[in-house]
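Reader: Hi! I've just started learning to read protein structures. Could you zoom in on the helices for me and take it step by step?

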There are 2 protein chains.
Amino acid sequence: MSPVDSRADARWTVELAGRRCLVTGGLGFIGSNLTSRLTRAGAHVVVVDSLVPSHGGRRENLLSDGEVEVIVADIGDRDAVADSAREAEIIFNLAGQVSHVDSMVDPVFDLEVNTRSHLAFLETLRAVESRARVVYTSTRQVFGHPQYLPVDEEHPVMPVDVNGVSQHATEHLHRLYGEFYDLESCVLRLTNVYGPRQRLTGDSQGFIPIFVRQALQDEEIVVYADGRQLRDCLYVDDVVDILLFAGISPDAPAQLFNVGTDEVHTVRAIADLIVSTAGSGRVASIPWPAHREMIAVGSYYTDWSKAKRTLGWMPKVGLREGIRRMIEYYRTFPTAIA
Amino acid sequence: MSPVDSRADARWTVELAGRRCLVTGGLGFIGSNLTSRLTRAGAHVVVVDSLVPSHGGRRENLLSDGEVEVIVADIGDRDAVADSAREAEIIFNLAGQVSHVDSMVDPVFDLEVNTRSHLAFLETLRAVESRARVVYTSTRQVFGHPQYLPVDEEHPVMPVDVNGVSQHATEHLHRLYGEFYDLESCVLRLTNVYGPRQRLTGDSQGFIPIFVRQALQDEEIVVYADGRQLRDCLYVDDVVDILLFAGISPDAPAQLFNVGTDEVHTVRAIADLIVSTAGSGRVASIPWPAHREMIAVGSYYTDWSKAKRTLGWMPKVGLREGIRRMIEYYRTFPTAIA
C-alpha cells in the first residue's frame with residue numbers, strides 16, 4: 001500500500017467506520033472490491049448477491065475479507081432483503097447483468113434482472129420507509145453512438161441494446177424514488193471498468209478481461225477491424241473511490257454522474273499494452289462479426305468534470321499501472337481466471 | 001357521416017382492404033375505435049386484449065362491429081399470439097395500462113404490463129421472423145415537466161411516474177427491434193385523448209373521462225387549484241387517423257412522432273365546456289391532493305409539426321365538436337358509463 005493509499009484509507013475510515021452499508025451484487029467484480037474497501041474502513045457491510053451464473057458473482061471474491069454477511073438472493077426478493085434494507089444507511093446498488101451481447105440473446109431476462117428486480121427492491125425500500133442513500137451504477141452504454149466527444153451528462157440517451165434500455169429505465173426509477181420518497185438516490189454511469197476479481201471468462205464484462213485472459217493463456221487477442229475505436233478505461237479502485245464519494249457526499253443526491261478518465265487509448269493500443277505487460281499472447285485483427293457490429297458504438301470517452309466538480313473525485317490509476325496490477329493479481333491467483 | 005368522412009373512408013379502403021392487421025389492446029378505448037375503422041375499411045383484423053380489469057378493455061366496445069377475431073391474452077403470451085403475429089402485415093400495438101396514478105401504487109405490475117409483455121411480444125415477432133409494420137402508442141407523459149412549449153420530439157425525456165418510465169423503455173425497445181430485425185417500427189407519443197368508448201370510471205384514462213362522467217351524473221367536477229394548466233386534447237378519431245397514416249406511410253418507420261393539436265385550453269375551460277355541453281354537473285375547485293401533485297407536470301401542449309410534415313396528418317375534430325360527440329355517445333349508450 002502506498003502512502004497515498006494510506007491517507008485515503010484513513011479518510012474513509014473516519015467517514016465510514018460503523019456505518020451500515022448494503023452492497024447489492026457484492027460478490028461481483030466491482031461489488032467485491034467495494035466491499036473489501038468498506039470492510040477495511042470499518043463499515044458494517046451486508047452483501048446481497050443472487051450468484052446468477054455468468055454475472056460475475058463468486059464467493060471466492062470475498063474469501064479474504066473476514067466477516068461479511070452474505071445473503072444469496074435476488075434483490076427483488078423482499079423477504080430476503082427487507083431486514084437489511086431497513087437497517088442500511090448507505091446502499092450501493094450494483095446488482096445486475098452487464099453483458100450487452102447476452103441482453104440481445106435473452107432480453108426478457110435482462111429486463112427482469114436489470115429493471116424489474118430493481119423496481120421491486122426500490123418498492124422494498126419504500127415499504128420499510130428507508131431513508132438511505134442509494135447509489136446505482138449504470139453504464140455508458142445508455143448513450144449508444146456518441147454524437148460528440150467527450151460524452152457529458154447532457155448527451156442524448158439512445159441505447160443500442162436491451163441492456164442499455166433496461167439500465168436506463170432503472171436510472172429513471174432511482175431518480176423517481178428519490179423525488180417521491182425519503183430515499184436519497186444518485187446514479188453513476190460507468191465507462192469500461194477493469195481490474196482484479198473481474199470475470200475473465202465468457203464475454204460478459206467487456207473487452208479488457210477477455211484480452212487479459214487471452215494474454216495470460218498465451219493466446220491470440222482478437223481485435224475487430226483495426227481496433228481504432230477510442231476508450232477510456234477505469235481501474236476498479238477508482239470506481240470504488242467514486243462509489244464512496246457518492247455514498248457520503250451531501251452534493252450527490254438527485255444527481256447523475258458520468259464516470260471515466262481523460263486517459264484515452266485505442267482498443268488496439270490497449271491490446272498491445274496487455275500483451276507487453278503479460279509477456280505473453282499476441283494481437284490479431286479480424287473483421288467485425290455481425291452480432292457485435294450491430295451493438296458497436298465507435299469511439300467513446302467520458303466528460304467526467306461534473307463528478308470532479310461536485311464530488312471532488314478524480315481517477316488516480318493510469319492504464320499501464322492498472323493493467324500491471326490486474327495481471328499480477330491473476331498471476332498470483334490463477335484459479336480466478338477460470 | 002359527413003362527406004369529408006366518406007372521402008377519408010374511401011381512401012382508407014383503398015389502402016387497407018384485405019390487409020392483415022393485428023390490434024393489441026383492441027378491446028380498449030383507442031384500440032376498439034381503431035378496430036372499427038379498420039373493419040369498415042375492409043381490413044382483416046385480429047384483436048389481442050388481456051381484458052385486465054381497469055385497463056379499459058370491454059368486449060362491448062366491439063359488439064357492433066361484426067366479425068372480428070378476438071384473442072383474450074396478454075401480448076407476452078407467445079403461444080397465444082404467435083400465429084396472428086406471424087400473419088400480420090400491420091401491427092397496432094396499443095396494449096398496456098395508461099394510469100399514471102396506478103403505476104405509483106403498483107409499479108412492478110405497470111412495468112410487467114407496459115414493458116416486459118411488450119419485450120416478450122417483440123421477441124415473438126423476432127421468433128416468427130415478422131416483417132410487419134409495428135406502430136407503438138406511447139404517451140406525452142414521458143416528457144415530465146415541460147422545459148418549453150410546445151413540446152417537440154427533441155424535448156428531453158424525464159418521466160415523473162413509473163408509467164412514463166415503462167412506456168419510454170418500450171419506445172426504445174421498438175426502435176431497437178426495428179433497427180436489428182426485419183420489423184418496421186414507429187412510435188407515437190399521444191397527448192390527452194378522449195372520445196366514445198373511453199373508460200369513464202376509475203381515473204385510469206385522464207381527466208376528461210372523469211369530468212364527462214361527473215357531468216353526465218350531474219355531479220361536481222373537481223378541478224385542482226384554479227385549473228389553469230393548459231392541455232391540447234385529441235379526439236379519438238384523429239388518433240385513429242394518425243395510427244392509419246403511421247401504419248401505411250413509407251416515411252413512418254424508425255420515426256417517433258409527438259401527436260397533439262394546436263387547440264389549447266385550460267383544464268378549467270375544458271371542465272366548463274363539458275358542463276355546458278352536457279347541460280348538467282358543475283365545476284368546483286379544491287387544492288392539489290398530494291398524490292396527484294407529485295405527478296403533475298403543469299401545462300403541456302404538443303408540437304406535432306413533424307407528424308404533419310412527414311405523414312400528412314392533421315387533427316380535424318375541435319374540442320367543442322369532440323365533447324359533443326362524446327357526450328352524445330354516452331347519452332345513447334348509458335350502460336357504457338359504468
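Author: To compare copies, they are superposed by least squares on the C-alpha atoms of residues with pLDDT of at least 70 in both. One thing to keep in mind throughout is that this is a predicted model.

Let's begin with how the copies are arranged. In general, two copies of a chain are related by a rotation about an axis and a shift along it. Here, chain A lands on chain B after a rotation of 180° with 0.0 Å of shift along the axis, and the RMSD is 0.0 Å. The two copies are therefore related as by a two-fold rotation axis. If you want to find that axis on screen, look for A:Ala169: in chain A, its C-alpha is the nearest to the axis, at 3.0 Å. The copies meet through the same surface, because 100% of the interface residues of chain A are interface residues in chain B too.

Now for the helices themselves. Which way does α5(A) run relative to α5(B), parallel or antiparallel? Their axes are 11 Å apart and the packing angle is about 180°, which makes the pair roughly antiparallel. On the chain A side, residues making this contact include A:Leu111, A:Thr115 and A:Leu119, and on the chain B side they include B:Leu111, B:Thr115 and B:Leu119. Those picks fit a handy rule: an α-helix has 3.6 residues a turn, so residues three or four places apart point the same way.

Stay with α5 of chain B, but turn to its partner within the chain. The axes of α5(B) and α6(B) come within 8 Å and cross at roughly 10°, so α5(B) is roughly parallel to α6(B). Among the residues that meet here are B:Asn114, B:His118 and B:Leu122 from α5(B), and B:Ser166, B:Thr170 and B:His174 from α6(B). B:Leu111, B:Thr115 and B:Leu119 are also among the α5(B) residues meeting α6(B), and you've just seen those three names in the contact with α5(A).

Try picking out one residue in α5(B), namely B:Thr124. B:Thr124 counts as buried because its relative accessibility is 0%, and the cut-off for buried is under 20%. Leaving out residues up to four places away in sequence, B:Thr124 touches B:Arg78, B:Val81, B:Ala82 and B:Ala85.

Next, look at α6(B) as a whole. This helix covers residues 162-180, 19 residues in all, and spans 27 Å from its first C-alpha to its last, close to the 27 Å expected at 1.5 Å a residue. As 17 of its 19 residues are buried, α6(B) is largely enclosed by the rest of the structure. In the loop between β5 and α6 of chain B, you'll find B:Pro150, and the peptide bond joining B:Leu149 and B:Pro150 is cis, with omega about -10°. Chain A has a cis bond from A:Leu149 to A:Pro150 too, with omega near -10°. That's worth a second look, since most peptide bonds are trans.

Our last stop is α7. In chain A, how many of the 10 residues of α7 are buried? It's 10 of the 10, so α7(A) is largely enclosed by the rest of the structure. Even A:Arg213 and A:Gln214 are on the buried list, along with A:Phe207 and A:Phe211. The cover over those buried residues includes strands β7, β8 and β9 and helices α9, α10 and α12 of chain A. Just past the end of α7(A), A:Asp218 has a positive phi of about 55°, whereas most residues other than glycine have a negative phi.

In chain B, follow α7 to α12. The axes of α7(B) and α12(B) come within 11 Å and cross at roughly 55°, so these two helices are oblique to each other, and the crossing is right-handed. B:Ile208, B:Pro209, B:Val212 and B:Leu216 of α7(B) are the residues that meet α12(B), where B:Ile323 and B:Tyr330 are among the partners. B:Gln214, also in α7 of chain B, is buried at a relative accessible area of 11%. Setting aside neighbours within four places in sequence, B:Gln214 is in contact with B:Glu219, B:Glu220, B:Ile221, B:Val222 and B:Gly281.

Terms used: Residues are numbered from 1 along each chain as its sequence is written. Chains are lettered from A and ligands numbered from 1 in the order in which they are written. This is a predicted model: local features need pLDDT of at least 70, side-chain atom pairs count only at pLDDT 80 or more; totals for chains, interfaces and linings use all residues. Side-chain values use heavy atoms; hydrogens and water are left out. Contact means heavy atoms within 4.5 Å. Helices (H or I, at least four residues) and strands (E, at least two) are DSSP runs, numbered from the N terminus. The expected span of a helix is 1.5 Å times one less than its number of residues. Buried means under 20% relative accessible area, exposed over 50%, partly exposed in between (1.4 Å probe, protein chains only). Axes are lines fitted to C-alpha atoms, for helices over the stretch in contact, and angles run from 0 to 180 degrees between N-to-C directions. Angles under 35 degrees count as roughly parallel, over 145 as roughly antiparallel, 65 to 115 as roughly perpendicular and the rest as oblique. A crossing is left-handed if the near helix is turned anticlockwise from the far one by less than a right angle, and right-handed if clockwise.
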